[in-house]
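Visitor: I should be grateful for a close look at one part of this protein, namely its salt bridges. Please set out which residues pair and where they lie.

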Amino acid sequence: MKAKAAAALLLAAFCLMLCGCGNLFDRDYLSVTDYEIPAPEPPAEDSVTVRDLAELRQFLSGLLNEQASDGRIVFDAAYEGDINADIASACWQVRTQDAFFAYCVANISYDVSKLVNHYEARFTISYNEAGEDPDSIVRLQLTTGLAEQLRQAIARGDGRLVVLIGRSSMTAEDVENLAGKVYREYPIAEPREPRVTVNMLSGTGSQRLYEINFNYNLSPEDLEQRREELQALDPFAQAEPIPEDSVERALLACEYLLEHSSYSDSASNDIYAALIGGEANSEGLALAYVELCQQLDVPCQIVYGQRNWRNCCWNIIQLGGKSYHVDVSACMTLGMDQGFLLPDETMWTLYRWDISSYPPCNGELRYSDLRPLPEEENEGEITAADESPSGDDQDALEPGAIE
């Protein structure tokens, strides 16, 4: 009986202890929630997301157009294509199918990384140090404006001109020949004809980029000094008023050269030698005559051909809708009637030239119609036995095909 009473007391005491310490267990220690997949980190602000190869090429083209040195790209989780293969293809295409990028870009490298649920790539771009500043590259749709760009570059004395043309079939040699033609039409632009070399890069279709280099074989200081001397020259200041008749103006230009310059086959072949130096070979005199005729509004061009089978230069002028030959060097050595206002028929006895490149000269005027000759001089004609104003200067000339 006593044992039962003791057990009851112990049970009651234990219950009281539980009631007193119940606040120790009055909190939860386990929390269960549904698992959520963490959202992927948003792409960096300087990155671009692409979904296919076309957008990848567009992204790279944008970097190159901006001359950026690096860039970051994010590939969409549903990107269509092989990422590594497409990157290699895009880099190759932008560098080979666009002439501008082929000229400017030295190398494109990249590194591809895989993140949680997408790929990223970082690009590093290096550019050719010798390449032209992209902002200074002239861009033309067609070749029609190329001659004017060449003229301006020569007039400025530029050492290099880079032209990107959207549609062109011109070869590097074509551009070199065009540069020479432009100079001969505007010889006063530079004291000396530059030696022109052209590097050409091709893009997709008929896109072409031409790197045109000019070498004047003069120091910049000498070139500038000669340019200033030519520009300061006023050859007809004492000839006021200038004759209204174009024939008299053409004669005035020729007579100026006879008075202020002389012919020598061993002299220089540039306009500076003829107008400032006072002595030039046939090419230098012909270039000077082009310039003087232009100042007098007489259409004139230079002819590259041969006299007595030696390289020689002379001019063709237009008077009253007719064309005539003028050989200033022959005027100096043989007389005005032997070099001024000559037709093709007379020229063929001694001269050879590419007749397909020049207009036919069949005008009826002669020097004797302007200035009557003494009877004994009027009887002479050009013959192969006459003294020829040609010689060692043939190596400096660039004659065309000979008919």
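Guide: The account below turns to the salt bridges after a few words on the whole chain. The model is predicted, so local features require pLDDT of at least 70 and side-chain atom pairs count only at pLDDT 80 or more, while totals for chains, interfaces and linings use all residues. Residues are numbered from 1 along each chain as its sequence is written, and side-chain values use heavy atoms, with hydrogens and water left out.

The protein has 14 helices and 15 strands; these are DSSP runs numbered from the N terminus, with helices being H or I of at least four residues and strands E of at least two. Of its 403 residues, 42% count as buried, where buried means under 20% relative accessible area, exposed over 50%, and partly exposed in between (1.4 Å probe, protein chains only).

A salt bridge here is a side-chain nitrogen of Lys or Arg within 4 Å of a carboxyl oxygen of Asp or Glu. By this rule the protein has 9 salt bridges. Side chains of opposite charge can pair when their charged atoms come close.

One of these salt bridges joins the side chains of Glu 148 and Arg 151, with an N to O distance of 2.8 Å. The two residues are separated by about one helical turn, because they stand 3 residues apart in helix α5 (residues 146-156). Glu 148 is partly exposed at 35% relative accessibility, and Arg 151 is partly exposed at 26%.

Another salt bridge links the side chains of Glu 224 and Arg 227, at 2.3 Å from N to O. Both residues belong to helix α7 (residues 220-232), where they are 3 residues apart, about one turn of the helix. Glu 224 is partly exposed, with 34% relative accessibility, whereas Arg 227 is buried, with a relative accessible area of 8%.

A further salt bridge is formed by Arg 371 and Glu 248, whose closest N and O atoms are 3.1 Å apart. Arg 371 lies in the loop between α13 (367-370) and α14 (375-378), and Glu 248 lies in helix α8 (residues 246-260), so this pair ties together parts that are 123 residues apart in sequence. Arg 371 is partly exposed, with a relative accessible area of 30%; Glu 248 is also partly exposed, with a relative accessible area of 24%.
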